[in-house]
Amino acid sequence: MSTPPSGARFAVIGGGLSGIGAAFALHRAGHTVELFEQDSVLGGRCGFDTLGGRPIMMGGKNIGRHYEQLREFIAASGHRAFEEFGINSSQLINEQLVTLDNPGVAGFVRHLLRMGSPVDAARMLYYGARVRFDERHRFLGSDYFGAGGNDDVALGAHFGADFGRNVLRPLTVRLNAAEPDEVYLGAFGVSLGMVQDRYDQLVDGMQPVLDWFAGQVPVRLNTRVDRLVVRDGRVAGLDASENGGPTTFSEYDGVVVAIPAYAAATLLEPVIPALSKALSEVAYYPSTVAVVQYEKPFFGSTVRSIAFDSGPCSAAGVYGINDLDIVRYTFSGREARPLPDAQQLARWIDEAETKVRNHLGGPPVARVRTETRSWAAAHCAYLPDHAGFRTVVRDQTESVAGLQLAGDYLLGAQLEACYRSGVAAARALVA
């Protein structure tokens, strides 16, 4: 494969964090790059919105302490203030509220033993140690998780039923909107890395960072890429339509396709059918988020979030560590499918609110305002034999010079993994 010349011209398809990571890496390497996004805003499933005039994020917003590359990108935009998101994680188990707030190793072991058998606890601690002492296992495609032919059996089958419901489900529903019987061992390191991290959030949100980025890299919003043009085994450019106008061809030395697997499958089907087929098999599940502001604090300082063991609401918690009057309800998992209509979502919010009040105590609190957002394909749940999948993706991608892929299905669904996949695609494209 030939190396593109210095100062080459590249396109990035997709304005989520994967595409932003690719475009910024190409820009910093001295190349001309344009980013195409079919939506009217950048950020993808960050889900920018406002609540009473205050900017909020309906999707991913928490920045882990281990998010090295994403934090470097944020720092490049100038000084940004962070606030600790806090831990205070509580869980509803058999109608009992259990709170884990920095329990220490001994306390955590006792909790695991209460949730399942000694074998379950030992296996969980062993997997957790793998992630803790090797950063590579925090991401998909590590040389441990999924190896040895264990990635064709659902994660829940590796543990007992009670342990799966009480320990695994809060992890898989949160990251993948999936039940333990719908994800596989190859992705487990990603979930374990998530719970071993600590999180901050940007005081002013991610929007100012993306506004700065759009001043560095040309961004074409409201632009749909209709076709990837390949000639003589090499990317020649793409056909795109801006603001619903006519389709026009633009020439590029290379393209990074940084959109979800199902969307990439559709785009690539005419040029690389085998790659399209592999991408179409990646699972995605829906999710709905409601952010509700109350007239006074709804949560307290002792408990600031609750994960539920049943029902369409998988979790409820304060929007920020000091926002005790703003609650974010997440509806995901098997009981939250299909996506609700307005009336059903209103019932779900009522039920979740009542459930929280019953366990926290106190009188009802009036709502001031509510914002909601639903995604038909919110969370990536991957597929069995991720190692084999990555091999097919790599081989098929290499069959077309000037093409690289990025997205939540390659390294993981967390923000850092998405951004890293974009950086890795950019580096592969120019090297």
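The residues that line the largest cavity divide into 5 nonpolar, 3 polar and 3 charged. This is a predicted model, and that cavity is a good place to start a tour of it.

**Inside the largest cavity**

A search of the whole structure turns up 2 cavities of 30 Å³ or more. The largest cavity holds a volume of about 80 Å³. Which helix gives the largest share of its lining? Helix α6, made of residues 188–196, does so with 3 residues. The lining includes Val 190, Gly 193 and Met 194. His 66, Tyr 67, Arg 138, Phe 139, Asp 197, Tyr 199, Gln 414 and Glu 416 also line this cavity.

**The second largest pocket**

Next comes a pocket. The second largest pocket encloses about 340 Å³ of space. Of its 13 lining residues, Arg 390, Val 393, Gln 404, Leu 405 and Leu 410 are the closest to its centre. Three elements each give two or more residues to this lining: α11 (386–398), β20 (403–405) and α12. The largest share belongs to α11, with 5 residues. By type, the lining of the second largest pocket divides into 7 nonpolar, 3 polar and 3 charged residues.

**How some helices pack**

Here are three helix pairs to look for in the structure.

| Helix pair | Angle between axes | Distance between axes |
|---|---|---|
| α1 (residues 17–28) and α12 (residues 415–430) | about 40° | 7 Å |
| α1 and α7 (residues 207–214) | roughly 40° | within 11 Å |
| α5 (residues 161–176) and α6 | about 95° | 10 Å |

Let us take the pairs in turn. Helices α1 and α12 pack at an angle of about 40°, which makes α1 oblique to α12. Their crossing is right-handed. On the α1 side, the residues that meet α12 are Leu 17, Ser 18, Ile 20, Gly 21, Ala 22, Phe 24, Ala 25 and Leu 26. Their partners in α12 are Leu 415, Cys 418, Tyr 419, Ser 421, Gly 422, Val 423, Ala 426 and Val 430. In this contact there are 12 nonpolar residues, 4 polar ones and no charged ones.

Helix α1 also meets α7, and their axes cross at roughly 40°. Angles from 65 to 115 degrees count as roughly perpendicular and those under 35 as roughly parallel, so α1 and α7 are oblique to each other. Is the crossing of α1 and α7 left-handed or right-handed? Helix α1 passes α7 in a left-handed crossing. From α1, the contact is made by Ile 20, Ala 23 and Phe 24. From α7 come Leu 210, Trp 212 and Phe 213. The residues of this contact are 6 nonpolar, no polar and no charged. Ile 20 and Phe 24 of α1 appear in the contact with α12 and in the contact with α7.

The third pair brings back helix α6, met earlier in the cavity lining. Its axis makes an angle of about 95° with that of α5, so the two helices are roughly perpendicular to each other. Helix α5 brings Leu 168, Leu 171, Arg 174, Leu 175 and Asn 176 to the contact. Helix α6 brings Phe 188, Val 190, Ser 191, Met 194 and Val 195. This contact divides into 7 nonpolar, 2 polar and 1 charged residues. Val 190 and Met 194 take part in this contact, and they also line the largest cavity.

**Details in the loops**

The loops hold some details as well. Most residues other than glycine have a negative phi, and most peptide bonds are trans. With that in mind, look at Asn 222 in the loop between β10 (219–220) and β11 (223–231). The phi of Asn 222 is near 50°, a positive value in a residue other than glycine. Now find Pro 338, in the loop between β18 (326–331) and α10 (342–360). What kind of peptide bond joins Arg 337 and Pro 338? The bond is cis, with omega about -10°.

Finally, turn to Phe 85, in the loop between β6 (82–84) and β7 (89–93). Leaving aside residues up to four places away in sequence, Phe 85 touches Lys 61, Asn 62, Tyr 199, Asp 200, Gln 201, Val 318, Tyr 319, Gly 320 and Ile 321. One of these, Tyr 199, also lines the largest cavity. The C-alpha atoms of Phe 85 and Thr 266 are separated by 38 Å, and the two residues stand 181 residues apart along the chain.

Conventions: Residues are numbered from 1 along each chain as its sequence is written. This is a predicted model: local features need pLDDT of at least 70, side-chain atom pairs count only at pLDDT 80 or more; totals for chains, interfaces and linings use all residues. Side-chain values use heavy atoms; hydrogens and water are left out. Axes are lines fitted to C-alpha atoms, for helices over the stretch in contact, and angles run from 0 to 180 degrees between N-to-C directions. Helices (H or I, at least four residues) and strands (E, at least two) are DSSP runs, numbered from the N terminus. Angles under 35 degrees count as roughly parallel, over 145 as roughly antiparallel, 65 to 115 as roughly perpendicular and the rest as oblique. A crossing is left-handed if the near helix is turned anticlockwise from the far one by less than a right angle, and right-handed if clockwise. Contact means heavy atoms within 4.5 Å. Ala, Val, Leu, Ile, Met, Phe, Trp, Tyr, Cys and Pro count as nonpolar, Asp, Glu, Lys and Arg as charged, and the others, Gly among them, as polar. On a 1 Å grid over the protein atoms alone, a cavity is a set of points where a 1.4 Å probe fits but cannot get out, and a pocket is an open set with protein on both sides within 12 Å along at least five of seven lines; lining residues have an atom within 4 Å of a point. Grid points are joined across faces, edges and corners, and a volume is the space filled by probe spheres set on the points.
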